[in-house]
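Biologist: I would like to learn how to read a structure feature by feature. Can we take the strands and turns before the empty spaces?

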Amino acid sequence: MTDAAFLADPTPAEAADAVREADDRTVALYGACELAYDGRATSTLPAGRRHVLRKPDGTLLAHAATGHQPANWLAPGASLTVSVEDDELLLRGERDGETLDCRFTRIHHVSLLPLDDADAEVSGTEEDLRERVLADPDLVSEGFRPLATERDTAAGPVDVYGEDADGTRVVVELKRRRVGPDAASQLDRYVDALERDLHADADVRGVLVAPSVTDRARQLLAEAGHDFVPLTP
């Protein structure tokens, strides 16, 4: 196993080298950072003390002081470009037309952390999971608005149907346990069926909500343009 490594007050060039050499380790960076996201919406955060995580599966998370949700993030599968510009460290994540720029004007700490995967034993039900999503729709995506549960389609009832902050219709499929490719295919069928139900130019995307998914399921979701949100009942 690759060892953990830590750098205190590295230069931007030293921090950039560390990120590039992370291999299969999670990278944690803390420092003065400004954020700029462009994709389904556009948002910026001015320079402030941020905690940025880059995971080996491509997940990119930028945390502020409060809340369990990151201030900005990209789902697994995002590519990462690392550069030094004007003596500042720039991390750019890209995924399916979305970009997240994390510009560090000062880096206080960089950690390279080997982490293990583990599947939690889940005892809750899908109904518990639905209630959690309805109580806090931002768990699905920021600005998500549920419109119906058990919405009928030709492929079967959709667990939660709604729209995101951009007005895109969203199909949410809930699973209480770790799932594989069948769940990804099921979500795709629901999205296709809903697209046929709605007018021709309606945008529909899918979100699979479950404690975890297999690598193959994650790949199928990414290929179809759907998202995965890790959540337990």
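Modeller: Start with the hairpin of S9 and S10, in what is a predicted model. This hairpin has 6 residues between the strands, and Gly156 there takes a positive phi near 125°.

Biologist: How many bridges pair strand S9 with strand S10, and in which sense?

Modeller: There are 5 bridges, and the sense is antiparallel. S9 covers residues 145–151 and S10 covers residues 158–163. Take the partners one at a time. Thr149 has Val160 of S10 as its bridge partner. Arg151 stands opposite Val158 in S10.

Biologist: Which strand does S10 join through 4 bridges?

Modeller: That is S11, residues 169–174, and S10 and S11 run antiparallel. Val160 appears again here, standing opposite Val172 in S11. So much for the pairing; now the turn. S10 and S11 form a hairpin with 5 residues between them. Gly167 sits in that turn, with a positive phi of about 90°.

Biologist: What should I keep in mind about side chains along a strand?

Modeller: In a regular strand they alternate between the two faces of the sheet. For S10, check burial as well. The cut-off for buried is under 20% relative accessible area. In S10, 6 of the 6 residues are buried, so the strand is largely enclosed by the rest of the structure.

Biologist: Is Arg151 buried, partly exposed or exposed?

Modeller: Arg151 counts as partly exposed because its relative accessibility is 23%, and the partly exposed class lies between 20% and 50%. Its place is in strand S9. Arg151 also lies over the face of Tyr161, at 4.8 Å from the ring centre.

Biologist: What describes a pair of aromatic rings?

Modeller: Two values do: the distance of the centres and the angle of the planes. Here the count comes to 0 aromatic pairs, with centres required to lie within 6.5 Å.

Biologist: How far is Arg151 from Tyr30 in space?

Modeller: Their C-alpha atoms are separated by 43 Å. Along the chain the two residues are 121 residues apart. Gln186 and Ala32 give another case: 154 residues apart in sequence, and 43 Å apart in space, C-alpha to C-alpha. Gln186 has its place in helix H3, residues 181–197. Gln186 is buried because its relative accessible area is 17%.

Biologist: What sign of phi do most residues other than glycine have?

Modeller: Most have a negative phi. Asp23 is not a glycine, yet has a positive phi of about 55°. Asp23 lies in the loop between helix H1 (12–20) and strand S2 (26–38). With 62% relative accessibility, Asp23 counts as exposed.

Biologist: Where does Asp96 lie?

Modeller: In the loop between strand S7 (88–95) and strand S8 (98–113). Phi of Asp96 is near 50°, again a positive value in a residue other than glycine. Asp96 is exposed, with a relative accessible area of 55%.

Biologist: Now the empty spaces. What shows where they are left?

Modeller: A probe the size of a water molecule, rolled over the atoms, shows where empty space is left. A search of the whole structure finds 1 cavity of 30 Å³ or more. The largest cavity has a volume of about 70 Å³.

Biologist: Which residues line the largest cavity?

Modeller: The lining is Ala75, Pro76, Arg95, Arg218, Leu221, Ala222, His226, Asp227 and Phe228. Two elements give two or more residues to this lining: helix H4 (215–224) and strand S13 (227–230). H4 supplies the largest share, 3 residues. By class, the lining holds 5 nonpolar, 1 polar and 3 charged residues.

Biologist: What is the volume of the second largest pocket?

Modeller: About 660 Å³. The second largest pocket is lined by 28 residues, and the closest to its centre are Tyr37, Asn72, Trp73, Ser141 and Glu142. The elements that give two or more residues to this lining are strand S3 (42–54), strand S5 (72–74), strand S12 (204–210) and S13.

Biologist: How does the lining of the second largest pocket divide by class?

Modeller: Into 12 nonpolar, 8 polar and 8 charged residues.

Conventions
Residues numbered from 1 in each chain as written. Predicted model: local features only at pLDDT ≥ 70, side-chain atom pairs only at ≥ 80, totals over all residues. Heavy atoms only, no water. 1 Å grid on protein atoms, 1.4 Å probe; cavity = no way out; pocket = protein on both sides within 12 Å on 5 of 7 lines; lining within 4 Å. Points joined across faces, edges and corners; volume = space filled by probe spheres on them. Nonpolar A, V, L, I, M, F, W, Y, C, P; charged D, E, K, R; others polar. Pairing = 2+ DSSP bridges. Phe/Tyr/Trp six-rings, centres within 6.5 Å; stacked < 30°, edge-to-face > 60°. Lys NZ or Arg CZ within 6 Å of the ring centre and 35° of its normal. Buried < 20%, exposed > 50% of the residue type's maximum accessible area, 1.4 Å probe, protein only.
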